[in-house]
Every structure is written in C-alpha cells, then in structure tokens.
Amino acid sequence: MREKVQKAIKDITYRTEKFPEEPFRIISENRELAIPYLNDAIEKAAAEGDSLDDDYQLAFYALHLLGQFQERESFSKIMELVSLPGETLDNIIGDAVTSSLSDVLYNTYNGDLMLLQKAVTNREITEYARGSILKVMGQLYLDGELEKENFQEFIRQIIDDVDEINGYIYGELIYVICDCQLVEMLPEIRSLFDDGRVDTFMIGGYVESIDMMFSPRKKMCRTPIDAADMLRGWAMFTEEEPQRKISDKDFEKAIRAMRAEYTRQEKKVKIGRNDPCPCGSGKKYKKCCLNKQKQPEDFIESRGEREKWLKRYPPAAKEREEGRIYLEDLFDLESIEIDQLLYLALNTRPHFIWQPEDKDMVHDRQRAYLSEAFSKFVQKIEKENIRTFQEYDEKYSIHYQCEEWLSDLQMLLDEIGDEESAAQISEYCEKMRI
C-alpha cells in the first residue's frame, strides 16, 4: 500500500488538467501513510517560496488534505506557509487564501492562540490570509474557546492601530464582529465607517452592518471538510462535460422572474370578518383590525409593500434562537418603529438599471416616511426628556443617526418649497446640537 500512496503523491505533485480523483481517493483512505509526504510538501513550499516550480501543486493539495485529516501537528507548518509574502503565497495556493484557508486552519488548529494573534497583527502577511485567520478566531469564539472580553480587546487593538491603512482587514473585522454578535462593538463599527477606514464596496455601509449583526448566526468555518469536494469544481480543472450555456430563452425567463419580484403589485385579497387577522395577532379580523383607523404609513404604502421592503430588516424575536441577540433586547419598540420608517425611506431598493424608479416618486415616498418618523421622534424625545442628538443616538438610534436622516428630510422639504416644515426641522436640529 505504501507504493500506492507514493504513486498517488507523485500523481498530484504537479499541475494536471483534470482533477486527480483516484490519487485523492487513495490518499484519503491511507491517512497515516500520506501525512508525512503532505507535511514535507508544506515545509518545502514554505522554505523555497518563489523558487518553487510554477507547476508544483503538491503543497496546494496537501493544505486541503491535512485540513480534511484534521492534522493538528501540521498547524504550525501551515502557518509558516501562510506567512509567506502575498504574491508568493498566491502563486502557491491561489484563491484558496480567501475561499478555503479559514476552513483548513480551523480544522488543523492546535490550540496555539498566540500564533493566530501574531499573524493577524503582522502586516507583513497578506491581508487576505489575515482575514481568513480572523474568521478562525471568530469561529473559536463562537465555539466558546475564546473569552468574550479578551476577544473584544484584541479586536480593539487592531482598530486602534492607526498605522493600519488596509481597508480589507477592517471589512473582515466587521464581518467577524457581526457574525459573533458583539453588539457592544457597534460604536467601533460606526467609527470605522466615519473615519473612512472601510472598503464600502466590499461590505456596504453601516446600515448593512446592522442587518448583519442581527441576522441569524452562522458558522464562519466548516468542519469536517472533504478536500476532493472542495477542489474538484475549481476553474483550474477542465470539465468532464462542459457546462451548458444558458439559452437566450432561459435568460429572458430569469430576467422576467427577477423583474416580477421587484415590480409586482400586491394582490388585493378580500378578508372575511371571521378570517384570521392579517396582522398576525391570532384574533379574528372582526375582533382586531377591521374597524381600526389606518396608520399614517398605510397611506404611503400598503402593509404588504412595507413587509416586502423590510425583508432585510433584522427579524423580530418571535421564536427565539438560543444565544442569539435580537433588536428588542437592546431597543424599545418605539425606537424600532421609528427606525423601520427610516429604513423604508432610505434603504436602497433594488431595481434594474434600465428600469429605474421615477425620482419624484422616490422622493415623495422618502418625504412621507421621514415626516412620519419625525413626528414619532418628536413625541419620543419629549416623553423621554431628551436634550441632544448624542443622547438620542446613544440610547435609541439603530441604523441611522439623527442628523443624517433629519438633514435628508430638510432637503426633501426644501425641494417642494415647504418652508414651514423645513424651518421646524432646522429649529429642532439647532436646539439638539447644543
């Protein structure tokens, strides 16, 4: 069997056009015999770096196979490889640095947290590898292997490093903070955006970060992994059967379906008096909303339309998931209601670039939602005796801070010449900036 393993190793040492199914099967079935060869390949790549033959592929395969084998003793060797200069590492493992490296490191992690921390803060290591290592640390936190206070302190140290100018690493930091639901670090996320230290093309804006923070938790690293399953579909290998190109007819059908999703009008369904109330209360319609006065927002858009555009808004805690934090745990219902109105007004609504929404229609909708939000905002600050924007933002702002959306509202009111309402907004702004 040793000879078979040696031949399998030889067969995956250099680049091939097709994925080496049989060598991978033999190696996978002979873990103990294969591991020394795989470790040697990692050490060779780490030592030789740029001197490696361009077609040398064994280190790339070894990385994934050692992850599959969960070979803890290989962790420090893999970290040496990961610490190579960015271009060198890219030549050896290519896109694995962003697509599968975090899974490999997680599955080979040997408990040496200090090694991970040093790598994340080492600016000599490519930012893509550092981002993958951050994901591993995030998953270890979710596993309960890292203390929350210590992990947050480590992240703050990275944020406080003003010499770090790489926007990518800050984007990865925000992903990890949100996936771990470190809600205490929302001010740090806000400061990263305010200081322009985040690549917004990569992650979006602060609004998207809030949505991520309160979305269902997900694993950042997979375990166990299957090396063959991870690699056989890569573009580096020729397809056994070329993928069928989408026909013009199928493409047109897909476009129509997408268009229908974003432009379809809500169907008007007649609700019987004894039917369940559509508000979800569980009561009969006649005992609930039948005779209720319409809310102001109902005159802007129907409830169905609002629900459609609030799909990405953090869901309510109707059925609680253990360990997950919900908006209601941090904010009262009044502030959430105000925030939803702001979200409906200001959050981007996807549309086809060749069929954009009418600008006047968008502004009318924004003006209506923001005006209603302002009305509720005034009631709240008067009830709570709030004196400044800062005080409100610290207690109640979720996606948007006061001055951001009030400035938008004032501009929209000026646009239609509503001087009285615009002056009222201006007066509030002056009073609450003090």
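**Exercise 1. Find the side chain that shares a polar contact with N39, and describe where N39 sits.**

Start with the pair itself: in this predicted model, the side chains of N39 and S74 are joined by a polar contact of 2.5 Å. Next, place N39 on the chain. It belongs to helix α3, which covers residues 31-48. Then look at what surrounds N39. If you skip the neighbours within four places in sequence, N39 is in contact with L66, S74 and K77. Last, check the accessibility: N39 has a relative accessible area of 11%, and the cut-off for buried is under 20%, so N39 counts as buried.

**Exercise 2. Work out how many disulfides the chain has, looking at C178 and C180.**

Take C178 to begin with. Its closest cysteine sulfur is in C180, 9.5 Å away. A disulfide needs the two sulfur atoms within 2.5 Å, so C178 is too far away for a bond. Now go the other way: from the sulfur of C180, the closest cysteine sulfur is in C178, again at 9.5 Å and too far for a bond. The count comes to 0 disulfides. While you're there, check the surroundings of the two cysteines. C178 is buried at a relative accessible area of 1%, and C180 is buried at 0%.

**Exercise 3. Get an overview of the chain: how many helices and strands does it have, and what share of its residues is buried?**

Count the elements and you get 23 helices and 0 strands. For burial, 45% of the 434 residues qualify. One more number helps with the overall picture. Take the contacts with a separation of 6 or more: residues 24 or more positions apart account for 74% of them.

**Exercise 4. Which residues touch the most other members of the largest nonpolar core?**

The core in question holds 128 residues, and L81, F377 and W405 are the ones touching the most other members. Helix α4, residues 58-69, gives the most to this core, with 9 residues. A bit of background: in soluble globular proteins, nonpolar side chains tend to be buried together. Now zoom in on W405. Leaving out neighbours within four places in sequence, W405 is in contact with L342, L346, L370, A373, F374, F377 and Y400.

**Exercise 5. Describe how helices α20 and α23 pack.**

First, the geometry. Helix α20 (residues 359-384) and helix α23 (residues 419-433) pack at an angle of about 35°, and their axes are 13 Å apart. Second, the handedness: α20 passes α23 in a left-handed crossing. Third, the residues that meet. From α20 come F374, F377, V378, I381 and E382. On the α23 side you'll find Q424, I425, Y428 and M432.

**Exercise 6. How many residues of helix α8 are buried, and what covers them?**

Go along the helix, residues 101-108. The tally is 8 of its 8 residues, which makes α8 mostly covered. Among the buried ones are the polar-named entries S102, D103 and N107, along with L101 and V104. The cover includes α4, α5 (75-82), α7 (96-99), α10 (127-142) and α16 (227-231).

Now try a residue from α5, namely V82. V82 is buried at 1% relative accessibility. Beyond the neighbours within four places in sequence, V82 is in contact with L89, L101, I125, A129 and I133. The C-alpha atoms of V82 and L105 are 9.8 Å apart, though their positions lie 23 residues apart along the chain count.**Exercise 7. Find the backbone oddities: where do Q70 and Q181 sit, and which peptide bond is cis?**

Begin with Q70, where phi is near 50°, a positive value in a residue other than glycine. Q70 is in the loop between α4 and α5, and its relative accessible area of 28% makes Q70 partly exposed. Move on to Q181, with a positive phi near 55°. Q181 is found in the loop between α12 and α13 and is buried, at 1%. Just after α13, G196 takes a positive phi of about 70°. Finally, the cis peptide bond runs from T223 to P224, with omega near -10°. P224 lies in the loop between α15 and α16.

Terms used: Residues numbered from 1 in each chain as written. Predicted model: local features only at pLDDT ≥ 70, side-chain atom pairs only at ≥ 80, totals over all residues. Heavy atoms only, no water. Helix = DSSP H or I, 4+ residues; strand = E, 2+ residues; numbered from the N terminus. Buried < 20%, exposed > 50% of the residue type's maximum accessible area, 1.4 Å probe, protein only. Polar contact = N/O pair within 3.5 Å; in protein donor to acceptor, adjacent residues only side chain to side chain. Contact = heavy atoms within 4.5 Å. Core = buried A, V, L, I, M, F, W, Y, C linked by side-chain atoms within 4.5 Å. Axes fitted to C-alpha atoms, helices over the stretch in contact; angles between N-to-C directions. Left-handed = near helix turned anticlockwise from the far one by under 90°.
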